[in-house]
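Here is a set of short exercises on one protein structure. Try each task before you read its solution.

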Amino acid sequence: MPIVSGSLTLPGDKSISHRAALFSALRDDFSHFENFNFNRDCQATLNCLKNLGVESIRSDSRLTIKGRILSSWLNPSETLNAENSGTTARLLSGLLVHLPFKTTLAGDSSLSKRPMKRIIDPLQKMGAKIESTEGHLPLTFFPVEQIKGIEYELPVASAQVKSAVLLAGLFADGVTRVIENVPTRDHTERLLKLKVEYDQNGRKIISSSRENSIPDISMTIPGDFSSAAFFIAAALLLPDSELIIKNVSLNPTRTGFIDILEKMGVKLEVNITQNSPEPMGEVVVGYQPLQNITVPAEIIPNIIDEIPVLSILAAKAEGTFELRHAKELRFKESDRISAMVQNLRSVGVEITEYEDGFKIEGPQTIKGGKIKTFGDHRIAMSFAIANLCSEQGIEIDRPECVEVSFPQFWGLLKSVVKE
Ligand code: S3P
């Protein structure tokens, strides 16, 4: 079996990169970002902004955004294309509702199947005029007289929905309050320095209004923790492995994967080197035995992107792994519950499928075989890790689909794998 060893720094966090571009696009000034993630998803955000008159300049992994106030954004000459990126489509929608001309936002076939009603509903409550194709892309935004602030309790634990409403709130009449029952990633409120309160039931309330000025958020973007999760999993599964991952995001609303690993008996070294504007540091991890657990429901939004690779760890860990309350996985770049179940079975792992999760009895042998990514980057990368500890190897149908989040994945994996 191969081992993984060495030290890695990863391209910038995808969620933060999208927000860096979108938020600084609203400032009538230059903003600079080091370690920006120029993956396909974030390029889609930059292309949409370009069509709206916001220029960006790339130099290696450095991005400069020349923003302009929202009222001076230009009427795009073509349909805005979010490609495969849910974050682009949902966050940008919160701004398009304010433009004094009609805009249309489309995406690729995968994104066009994903639910948009979750943003259309609150934005319409604010007064937006949006036409959709039965709650899906393409969306057309029409100019309206007034967008007004609302109080909105999130019906789904989604940072994209939260951010769309708060962004619309920045330019609305009155105050917008978003109420969150289950915490989701907090990059939007953190970077925009929005007011955050907690009510007596412990629910988080985030407010935005015209009173908020858009801060200069120029920064070095921490490495993507969701990308780090694949390498952490490889180190845990392959005997004699040890990896150091440097300058990685350690935002607590993103590192639930570490909490789950600790519950599974894992010992990791986590050193925080920066707290603001976003927590960042290093993770040191080596091979060790894993004990399966039942995943607590409230942590699901915090580990949502790491669940595919967690299923690979569960197959190799001792005992019963059960994960429920994660129906949201069915609405990602693919139906991730179905994709994981079908592919794990294809490589010889027994798994029970539930409407909202799955159960695995470990440890099992990963025999190998062919898997289908369904064009989903996280399915491809999860099975690349499974491949390393499989008996006969795993053939991945569309390895290039990693480009939407992590084009450097195959190269970086090769650089740490030692046969
Ligand atoms: C994201 C939020 C999550 C996550 C996605 C990125 C974000 O989606 O799965 O990869 O940047 O806000 P939801 O908000 O739909 O849960």
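The exercises below go through a predicted model, topic by topic.

**Exercise 1. A sheet and its helix**

Task: Find the strand order of the open sheet that contains E6, and name its edge strands.

Solution:
- Step 1. Read the order across the sheet. Four strands line up as E5-E6-E8-E7, and the sheet is open.
- Step 2. Look at the directions. The pairing is mixed.
- Step 3. Find the edges. Strand E5 (80–81) and strand E7 (129–133) each pair on one side only.
- Step 4. Add the helix. Helix H4 (residues 117–125) packs on this sheet and touches E7 and E8. The direction of H4 makes about 160° with that of E7.
- Step 5. Zoom in on one pair. E6 (residues 103–106) runs antiparallel to E8 (residues 136–142), with three bridges between them. In this pair, Thr104 faces Thr140 of E8.

**Exercise 2. The partners of E1**

Task: Determine in which sense, parallel or antiparallel, E1 pairs with E22 and with E14.

Solution:
- Step 1. Take E22 (residues 417–418). E1 (residues 3–9) is joined to E22 by two bridges, and the two run antiparallel. Ile3 sits opposite Lys418.
- Step 2. Take E14 (residues 242–249). Here five bridges link the strands, and the sense is parallel. Gly6 sits opposite Leu243.

**Exercise 3. Around the ligand**

Task: Pick out residues that surround the ligand, then look for short distances to its oxygen atoms.

Solution:
- Step 1. List the surroundings. Among them are Ser15, Arg19, Thr87, Arg90, Ser158, Gln160, Arg185, Asp305 and Lys332.
- Step 2. Check Ser15. A polar atom of the Ser15 side chain is 2.7 Å from a ligand oxygen.
- Step 3. Check Ser158. An N or O atom of the Ser158 side chain also lies 2.7 Å from an oxygen atom of the ligand.
- Step 4. Check Gln160. This time a backbone N or O atom is involved, at 2.9 Å from a ligand oxygen.

**Exercise 4. Helix H1**

Task: Why is helix H1 described as largely enclosed?

Solution:
- Step 1. Recall the cut-off. Buried means under 20% relative accessible area.
- Step 2. Count. Eleven of the eleven residues of H1 (residues 14–24) are buried, so the helix is largely enclosed by the rest of the structure. Ser15, Arg19 and Phe23 are among them.
- Step 3. Look at the start of the helix. A side-chain oxygen of Asp13 comes within 3.0 Å of the backbone nitrogen of Ser15.

**Exercise 5. Arg336**

Task: Decide whether Arg336 is buried or exposed, and describe its surroundings.

Solution:
- Step 1. Place the residue. Arg336 belongs to helix H11 (residues 336–346).
- Step 2. Read the accessibility. Arg336 is buried because its relative accessible area is 0%.
- Step 3. Find a polar partner. The side chains of Arg336 and Glu333 make a polar contact of 3.0 Å.
- Step 4. Look further along the chain. Beyond four places in sequence, Arg336 touches residues including Asp305, Asp376, His377 and Arg378.

**Exercise 6. Nonpolar cores**

Task: Which residues have the most contacts inside the largest nonpolar core?

Solution:
- Step 1. Name them. They are Phe231, Ile232, Ile307, Phe383 and Phe409, in a core of 78 residues.
- Step 2. Find the main contributor. Helix H7 (residues 225–237) gives the most, with eleven residues.
- Step 3. Follow one member. Phe383 contacts Ile312, Met340, Leu344 and Ile394, among others.
- Step 4. Look elsewhere. A separate second core has 63 residues, including Val54, Ala89, Ala168 and Val178.

**Exercise 7. Unusual backbone angles**

Task: Locate two cis peptide bonds and two positive phi values outside glycine.

Solution:
- Step 1. Start with the rule. Most residues other than glycine have a negative phi, and most peptide bonds are trans.
- Step 2. Find the cis bonds. The bond from Leu137 to Pro138 is cis, with omega near -5°, and Pro138 is in strand E8. Ser276 and Pro277 are also joined by a cis bond, with omega about 0°. Pro277 is in the loop between E15 and E16.
- Step 3. Find the phi values. His325 has a phi of about 60°, and Phe374 has one near 55°.
- Step 4. Compare accessibility. His325 counts as exposed because its relative accessibility is 55%. Phe374, at 36%, is partly exposed.

Technical notes
Residues are numbered from 1 along each chain as its sequence is written. This is a predicted model: local features need pLDDT of at least 70, side-chain atom pairs count only at pLDDT 80 or more; totals for chains, interfaces and linings use all residues. Side-chain values use heavy atoms; hydrogens and water are left out. Two strands pair if DSSP finds at least two bridges between them. Contact means heavy atoms within 4.5 Å. Axes are lines fitted to C-alpha atoms, for helices over the stretch in contact, and angles run from 0 to 180 degrees between N-to-C directions. A nonpolar core is a set of buried Ala, Val, Leu, Ile, Met, Phe, Trp, Tyr and Cys residues joined through side-chain atoms within 4.5 Å. Buried means under 20% relative accessible area, exposed over 50%, partly exposed in between (1.4 Å probe, protein chains only). A residue is near a molecule or strand if one of its heavy atoms lies within 4 Å of it. A polar contact is a pair of N or O atoms within 3.5 Å; within protein, one must be able to donate a hydrogen and the other to accept it, and residues adjacent in sequence count only if both atoms are side-chain atoms.
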